[in-house]
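Student: Please take a close look at the strand pairing in this model. Follow the chain into the loops beside the strands as well.

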Amino acid sequence: LVKSASVEARLVVIGDGSDRSSLEATARRLNIEGSVEMPGFRSDVAGFLSHFTVFVLASRSEGLPLAILEAMSAGLPVVASTVGGIPEAITHEENGLLVPPDDPQALSKAIVRLADDQDLRQRLGKAARATFLERYSLVHMVDQYEALMKG
């Protein structure tokens, strides 16, 4: 759906797992394999994120995914499903866009919206970075642990 919009998009799937061959087959079936990159497991995720415009995590189940925090740290606008701890980190329209799980229409609409609106991308990305620094940075975590230890 994103590809059919007037958006030039590339999908990069970082990570590896049992669904890889199925994802590759789906890309071939949809004739989009030229727009899909699957580099597999990477230890240099921060380097990859610096080349992205939008970060998408369309999970059906999650806790608070490190991937979301890494994207926020990189100042990327996030599109994610409203599962697990994701809504604790991402507030819809404030520092990202949230969509229902298993709703490809809503997911593609959010991606296209960000692709078409540079100001929105910049605002959400800047807010995501600020949220990361305020709630999830190492300094913040150390301060929180210290406060707990002092009782």
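Tutor: Start with strand 4 (residues 78-81), which is joined to strand 5 by 3 bridges. The two run parallel. Within this pairing, V79 stands opposite L97 of strand 5. Strands here are DSSP E runs of at least two residues, helices H or I runs of at least four, numbered from the N terminus. Pairing takes at least two DSSP bridges.

Note that the model is predicted: local features need pLDDT of at least 70, side-chain atom pairs pLDDT 80 or more, while totals for chains, interfaces and linings use all residues. Residues are numbered from 1 along each chain as its sequence is written, and side-chain values use heavy atoms, without hydrogens or water.

Now the whole sheet. It is open and has 3 strands, in the order 3-4-5. Its pairing is parallel. Strand 3 (55-57) and strand 5 (97-99) are the edges. Each has a single partner strand, so one side of each lacks a neighbour in the sheet. On average, neighbouring strands of this sheet are turned by 15° against each other, direction ignored (axes are lines fitted to C-alpha atoms).

Next, the loop leading into strand 5. It runs from helix 4 (86-89) to strand 5 and holds E93. Most residues other than glycine have a negative phi. E93 has a positive phi of about 75°, yet E93 is not a glycine. Its relative accessible area is 29%, so E93 is partly exposed (between 20% and 50%; buried is under 20%, exposed over 50%; 1.4 Å probe, protein chains only).

N31 also calls for a look at phi. The value is positive, about 60°, and N31 is not a glycine either. N31 sits in the loop between helix 1 and strand 2. N31 counts as exposed because its relative accessibility is 63%.

That loop leads to strand 2 (residues 36-40), where the side chains alternate. V36, M38 and G40 point to one face and are buried. E37 and P39 point to the other face and are not buried. Strand 2 is joined to strand 1 (residues 11-14) by 3 bridges, and the two run parallel. E37 is the bridge partner of V12. The link between these strands passes through helix 1 (residues 20-29), giving a β-α-β crossover that is right-handed (clockwise from first strand over helix to second, with the strands pointing away from the viewer).

Technical notes
Axes fitted to C-alpha atoms, helices over the stretch in contact; angles between N-to-C directions.
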